[in-house]
Amino acid sequence: MDLSDDDRATLFRAGSDALRFNAPLGDDRARALVDELGRRGVRSVVDLGCGRGGLARLVTVRLDGVAVTGVDADADAVTAARTSAAEAGLGDRVRFEVGDAATWCEPVDAAIAVGVSHAFGGPAAQFARLANLAASGIALVGDGVWETEPDAWCLTNLGEQPTSAGGLAALAEAAGWTVLAADLSTQDEWDAFEGGWVAGVRSVGSPVAEAFAAERERQYREHYRGVLAFCWLVLTRSPSR
Ligand SMILES: C[S@@+](CC[C@H](N)C(=O)[O-])C[C@H]1O[C@@H](n2cnc3c(N)ncnc32)[C@H](O)[C@@H]1O
């Protein structure tokens, strides 16, 4: 469906604004991933492509005394992230900056990158870049992979993806990371993500929004549900950590 740039921006924003995390990420998994960082004693964390800051806020709440930075290229998302942090009383414990994930260069103990590999030029380049940032630390990565054979629509519209968790993990290992954990979002996490996003689009309340939401639902149902998966990797460069 053809959309003007303005309509596209409005609808995508409404979709992401409706979600706590702009990824197929349930609350239980989010807490478990953050607690894994805590167990490994990280003192500084950057979330690259943090969006509205949901995960960075969770890190701040759960890991006392850890310096947390969220970076996103979208100034409106960064403003929303700052506002939410201030409203939650976290304003002085987490900072949000407008910036390019691909060139951000403050060293940290742990780097998070969820759904943002395109900003680096793909997952292989992302793993190499995260290695520079968290040189002896941890990375937490969420990214798309094919779970089953994609059809022509998927290949045209969703681009190249590694095959399964093993394919993404192999790219991380090639960049010198050791894989501590690899898992795929559950179907419930995907359905909740898609359902929440589409509900956000519908909340715009226009005929264009309704048509776009219905089209996305059809594409999900007919093409990528159960085909495109989202893989979660916990990585280290220092296996003793
Ligand atoms: C799929 S969303 C994921 C957001 C967030 N990680 C989450 O899980 O809620 C991708 C995010 O990457 C951001 N982004 C895209 N290109 C970027 C870049 N070059 N530098 C920083 N952020 C970027 C987008 O603005 C968007 O917020």
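1. A residue counts as partly exposed when the number of other C-beta atoms within 10 Å of its own falls between the exposed limit of 12 or fewer and the buried limit of 20 or more. Keep that in mind for Leu 158: with 16 other C-beta atoms within 10 Å, Leu 158 is partly exposed. Please also remember that this is a predicted model.

2. Where does Leu 158 sit, and what does Leu 158 touch? Leu 158 belongs to helix H6, residues 152-158. Leaving aside residues up to four places away in sequence, Leu 158 touches Tyr 224 and Leu 228. Gly 142 is 16 residues from Leu 158 in sequence, and their C-alpha atoms are 16 Å apart.

3. Glu 106 is a second partly exposed residue to look at, because Glu 106 has 13 C-beta neighbours inside 10 Å. You will find Glu 106 in the loop between strand S3 (94-98) and strand S4 (110-114). From the C-alpha atom of Glu 106 to that of Gly 226, 120 residues apart along the chain, the separation is 37 Å.

4. Now to helix H7, residues 164-174, where Leu 168, Ala 169, Leu 171 and Ala 172 are the buried residues. They lie on the same side of H7, because they cover an arc of only 155° around the axis. The general rule behind such a pattern is that an α-helix has 3.6 residues a turn, so residues three or four places apart point the same way. On the other side of H7, Gly 166 and Ala 174 are exposed.

5. What do the buried residues of H7 pack against? Their partners are helix H5 (123-133) and three strands: S5 (138-146), S6 (178-184) and S7 (228-236). After H7 comes Gly 176, which has a positive phi near 95°.

6. The largest nonpolar core has 68 residues, and those touching the most other members are Val 45, Val 59, Ala 110, Ala 111, Ile 112 and Ala 139. Strand S7 gives the most to this core, with seven residues. Ile 112 is worth selecting in your viewer: beyond residues up to four places away in sequence, Ile 112 touches Val 45, Val 46, Asp 47, Leu 48, Leu 55 and Leu 140.

7. Finally, the ligand. There are 20 residues around the ligand, and Gly 49, Gly 51, Ala 101, Gly 115 and Ala 119 come nearest. The shell divides into 12 nonpolar, five polar and three charged residues. Helix H3 (54-62) and strand S2 (67-72) each contribute at least two residues to the shell.

Notes. Residues numbered from 1 in each chain as written. Predicted model: local features only at pLDDT ≥ 70, side-chain atom pairs only at ≥ 80, totals over all residues. Near = placed C-beta within 6 Å. Helix = DSSP H or I, 4+ residues; strand = E, 2+ residues; numbered from the N terminus. Nonpolar A, V, L, I, M, F, W, Y, C, P; charged D, E, K, R; others polar. Arc of directions from axis to C-beta. Contact = placed C-beta atoms within 7 Å. Core = buried A, V, L, I, M, F, W, Y, C linked by C-beta atoms within 7 Å.
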